[in-house]
Amino acid sequence: MKLSIVGCGYVGLVTGTCFAEMGNDVYCIDIDENKINNLKKNIIPIYEPGLGEMVERNVSEGRLFFTTDLTNAIKESLFIFIAVGTPLGEDGSADLQHVLSVARDIGRIIENYTIVVNKSTVPVGTYKKVIEVINEELKLRKREDIRFDVVSNPEFLKEGSAIEDFMKPDRIIIGANSEKSINLMKELYSSFIRKRERIIFMDIPSSELTKYAANAMLATKITFMNELSLLCEKTGADIENIRKGIGSDNRIGTAFLFAGLGYGGSCFPKDVKALIQTSNNLSLNAKILSAVDQINQEQRIVFINKILNHFKNNVSGKIFTVWGLSFKPQTDDMREAPSIDIINALRERGALIKSHDPVAMESAKAILGSEKIEYIPKYYDALKDSDALLLLTEWHQFRNPDFYRIKILMKQPVIFDGRNQYEPSIMKEMGFTYYCIGRN
Ligand code: NAD
């Protein structure tokens, strides 16, 4: 089948490449010329394990094309996926300008029956706006005879395991309201569900809202544990024991129960905020989600205060080693990473940061700049003369480091572990002053 994916970010690029892998002819389109030129040379704009090899294979086998030319790609495609960003708007709602601009382009270009698939995360009801905009353009062209369907197909991939998630999804959600689009979507996804039926068809508003509901639920689980971690610190309980204790209950499950620095990334923060705003617009008060959003922001401050308290509010001239900059391991995505707030709080107070991240140093530099922060290629080198080590992202290589070496390199053996990676008793035995989250 022939399809176009508009937007070559984390979602669009993975989606397009995985569809090509299944034998479809795929045009991946982006307005960012630099990105497209690089992709043509197999320079992948993001760090995503396995993606580079898959892109290369599908390009060389003639199924995957990168272009900035929307017109030809759209004219040739039966399916057009919208996979552009929906960042946080000024009022806290999702900014739909990119989605609607693509919809307008589609209305200007299509010649035959087309299925417009919205993969971007969009507020419930957005499909109506997409239909409206396309119809406006068809009317201007006096081509109201051209038929199209708008389908909602939110994406649930996780950065860092995006290929695996897309190729073997837990479920594929499709919101559609015409038999033709339902059958064609089923056919398109049939190669991904050979072993097990995983498509859940539903009405379009439910599909749009399911995506927000999933992210909001996961953000709430994380936040619940972070709130409990404060209680643990005051009572001598250990959040890790609580996690094991409740995670063993099938009704609760083991995932997303780790206390830490709070959620970050390109999805949870903006999607929780957008869902709160959607509720507000409808005169509803999303009380749980408002608390989740607030607690999540405070969790970073809790961590910063642990550092400031240890140094008696004076970190000026102190050197802090930061291990991990990306918002989670296995990605170079820095959007809403807790490291940004923590590093800024320390720099503002005159501290110097020596940082290392296995893949995110370049994207971090674009956000954090070079003032009072160094990006050190080898992570043990970043410990030299350090007053404290801050573990901010739980990359594998930081899980079991050589603590003897750490102690020798540092000026003072102090660790602030924002991800509860180390055992407090062992840290104590080794002579570290050790701070973590919700453990004593
Ligand atoms: P991204 O910012 O990485 O990529 C978006 C791309 O769209 C950019 O390359 C940009 O240049 C391009 N673009 C913008 N306007 C365009 C236009 N008019 N024509 C062509 N290209 C255009 O975004 P992302 O992280 O891939 O997210 C895309 C959507 O998917 C968002 O709604 C997001 O919430 C959702 N989502 C993201 C993830 C994730 O893990 N990143 C997971 C599930 C869903």
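**Close-ups of a two-domain model**

**View 1. Domain 1 and domain 2 bury about 1200 Å² between them.** Carbon and sulfur atoms give 53% of that area. Three residues stand out on the domain 1 side: Tyr47, Leu88 and Glu159 supply 43% of what domain 1 buries against domain 2, more than any other three residues. Keep in mind that this is a predicted model.

**View 2. Here are the two domains and where they meet, with domain 1 covering 2-202 and domain 2 covering 268-435 in the domain assignment.** Their centres, taken over C-alpha atoms, sit 34 Å apart. At the meeting point, 18 residues of domain 1 are in contact with 15 residues of domain 2.

**View 3. Zooming in on polar links, we find one salt bridge between domain 1 and domain 2.** Arg335 and Glu159 form a salt bridge through their side chains, at 4.0 Å from N to O. Glu159 also turns up among the three residues that supply 43% of the area domain 1 buries against domain 2. Between the two domains there are also six residue pairs in polar contact, counting pairs with both residues at pLDDT 80 or more. As for the make-up of the domain 1 side that touches domain 2, it has 10 nonpolar, five polar and three charged residues.

**View 4. Last stop is a cavity with a volume of about 40 Å³, the largest in the model.** The count is one cavity of 30 Å³ or more. Its lining includes Asn118, Ser120, Thr121 and Val122, along with Ser152, Asn153 and Pro154, plus Glu208 and Lys211. Sorted by class, that lining has two nonpolar, five polar and two charged residues.

How values were computed:
Residues are numbered from 1 along each chain as its sequence is written. This is a predicted model: local features need pLDDT of at least 70, side-chain atom pairs count only at pLDDT 80 or more; totals for chains, interfaces and linings use all residues. Side-chain values use heavy atoms; hydrogens and water are left out. Domain bounds come from an automatic or database domain assignment. Contact means heavy atoms within 4.5 Å. Buried area is the accessible area (1.4 Å probe) that two parts lose on being put together, summed over both. A polar contact is a pair of N or O atoms within 3.5 Å; within protein, one must be able to donate a hydrogen and the other to accept it, and residues adjacent in sequence count only if both atoms are side-chain atoms. Ala, Val, Leu, Ile, Met, Phe, Trp, Tyr, Cys and Pro count as nonpolar, Asp, Glu, Lys and Arg as charged, and the others, Gly among them, as polar. On a 1 Å grid over the protein atoms alone, a cavity is a set of points where a 1.4 Å probe fits but cannot get out, and a pocket is an open set with protein on both sides within 12 Å along at least five of seven lines; lining residues have an atom within 4 Å of a point. Grid points are joined across faces, edges and corners, and a volume is the space filled by probe spheres set on the points.
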